[in-house]
Amino acid sequence: MGKLTSNKIKTGRPSSYKDEYPMQALKLTLLGATDKELADFFEVRESTLNNWKKHHPEFLESLKKGKAIADANVASKLYSRAMGAKITVQQAHKLKSILYHENGKKKSESETVRVVDLEIEQPPDTTAIIFWLKNRSPEKWRDKREVSTDLTVNSDLDNKTDEELLEIIQNAKEIEN
């Protein structure tokens with residue numbers, strides 16, 4: 001009897017993965033690319049991209065790193081919008097200079113453009129504040145409130161006539177006022 005060996009023959013198409021993909025993936029994820037967009041860029045299916053993540057740890061790490069940095073940058077900008085900020089913008093101003101003779105006639109005219117820095121205060125952005133709070137503390141800031149369904153109903157009201165119920169409502173309104 002011969003000895004059995006397990007010489008597996010690889011089947012299927014060879015991987016189209018290249019060594020430069022981790023750096024490209026990092027750059028793309030820093031720009032906000034999703035897995036679907038990455039798959040389109042590399043001209044593969046998302047399932048192939050997922051296989052690359054499993055078989056190429058450096059590829060997976062570059063994706064994680066790029067996405068984490070991009071998310072942190074967006075969170076920082078969102079926080080700034082929610083808090084309001086002072087920003088500096090540059091604005092061009094045209095200056096016109098006119099020289100006159102002693103007799104009042106125009107002697108010469110010149111124009112210059114000067115760029116100045118202006119500090120502008122941006123007020124807090126309500127939408128950014130709401131978004132931030134709902135995502136940071138959803139139990140406190142979500143739109144839907146859970147109402148306890150453990151309510152006991154006064155069964156005494158079941159036996160009242162319409163006239164009696166109407167009288168109870170009118171009495172309650174008088175108490176409120």
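Which side chains meet in a salt bridge with K53? In this predicted model, the partner is D35, and the two side chains come together at 2.6 Å, N to O. The pair links distant parts of the chain, with K53 in helix α3 and D35 in helix α2, 18 residues apart. Neither end sits out in the open: K53 counts as buried at 17% relative accessibility, and D35 counts as buried at 17% as well. Both fall in that class because the cut-off for buried is under 20% relative accessible area. The story does not stop at two residues, since D35, K53 and K67 are linked in a network of salt bridges. Leaving aside its neighbours within four places in sequence, K53 is in contact with D35, F59, L60 and L63.

Stepping back, the chain has seven helices and two strands. Read from the N terminus, the elements go α-α-α-α-β-β-α-α-α, so to speak a strand pair with helices written on either side. Of the 177 residues, 15% are buried. The exposed area of the chain is about 15,800 Å², and carbon and sulfur atoms supply 52% of that. As for contacts with a separation of 6 or more, 52% are between residues 24 or more positions apart.

Helix α1 (residues 21-30) is a good place to look at packing. Its buried residues are Y21, P22, A25, L26, L28 and T29, and these pack against α2 (35-42), α3 (46-55) and α4 (57-83). An α-helix has 3.6 residues a turn, so residues three or four places apart point the same way. L26 makes a handy example from α1. With a relative accessibility of 15%, L26 counts as buried. Its contacts, once neighbours within four places in sequence are set aside, are S62, K65 and G66. The C-alpha atoms of L26 and S62 are 5.0 Å apart in space, although 36 residues separate the two in sequence. Just after α1, G32 takes a positive phi of about 95 degrees.

Back to the charged pairs: the count comes to eight salt bridges. One of them joins the side chains of D125 and R81 at 2.3 Å, N to O. This pair also links distant parts of the chain, as D125 lies in the loop between β2 (106-122) and α5 (126-136), while R81 belongs to helix α4, 44 residues away. The two ends differ in how much they show: D125 is buried, with a relative accessible area of 19%, whereas R81 is partly exposed at 48%.

Another salt bridge brings together the side chains of K96 and E109, at 3.3 Å, N to O. K96 lies in strand β1 (residues 85-100) and E109 in strand β2, so the pair ties together parts that are 13 residues apart in sequence. E109 counts as partly exposed, at 39% relative accessibility.

Towards the end of the numbering, the charges take another form. D162, E163, E164 and E167 gather on the surface in a patch of negative charge. D162 is found in helix α7, which covers residues 162-176. With a relative accessible area of 60%, D162 is exposed, while K53, in helix α3, is buried at 17%.

Key: Residues are numbered from 1 along each chain as its sequence is written. This is a predicted model: local features need pLDDT of at least 70, side-chain atom pairs count only at pLDDT 80 or more; totals for chains, interfaces and linings use all residues. Side-chain values use heavy atoms; hydrogens and water are left out. Patches are made of residues with over 30% relative accessible area and no salt bridge: like charges are joined within 9 Å, nonpolar side chains (Val, Leu, Ile, Met, Phe, Trp, Tyr) within 5 Å. Accessible areas come from the Shrake-Rupley method with a 1.4 Å probe; for residues, only the protein chains shown count as cover. A salt bridge is a side-chain nitrogen of Lys or Arg within 4 Å of a carboxyl oxygen of Asp or Glu. Lys and Arg count as positive and Asp and Glu as negative; His and the chain ends are not counted. The place of a charge is taken as NZ of Lys, CZ of Arg, CG of Asp or CD of Glu. Helices (H or I, at least four residues) and strands (E, at least two) are DSSP runs, numbered from the N terminus. Buried means under 20% relative accessible area, exposed over 50%, partly exposed in between (1.4 Å probe, protein chains only). Contact means heavy atoms within 4.5 Å.
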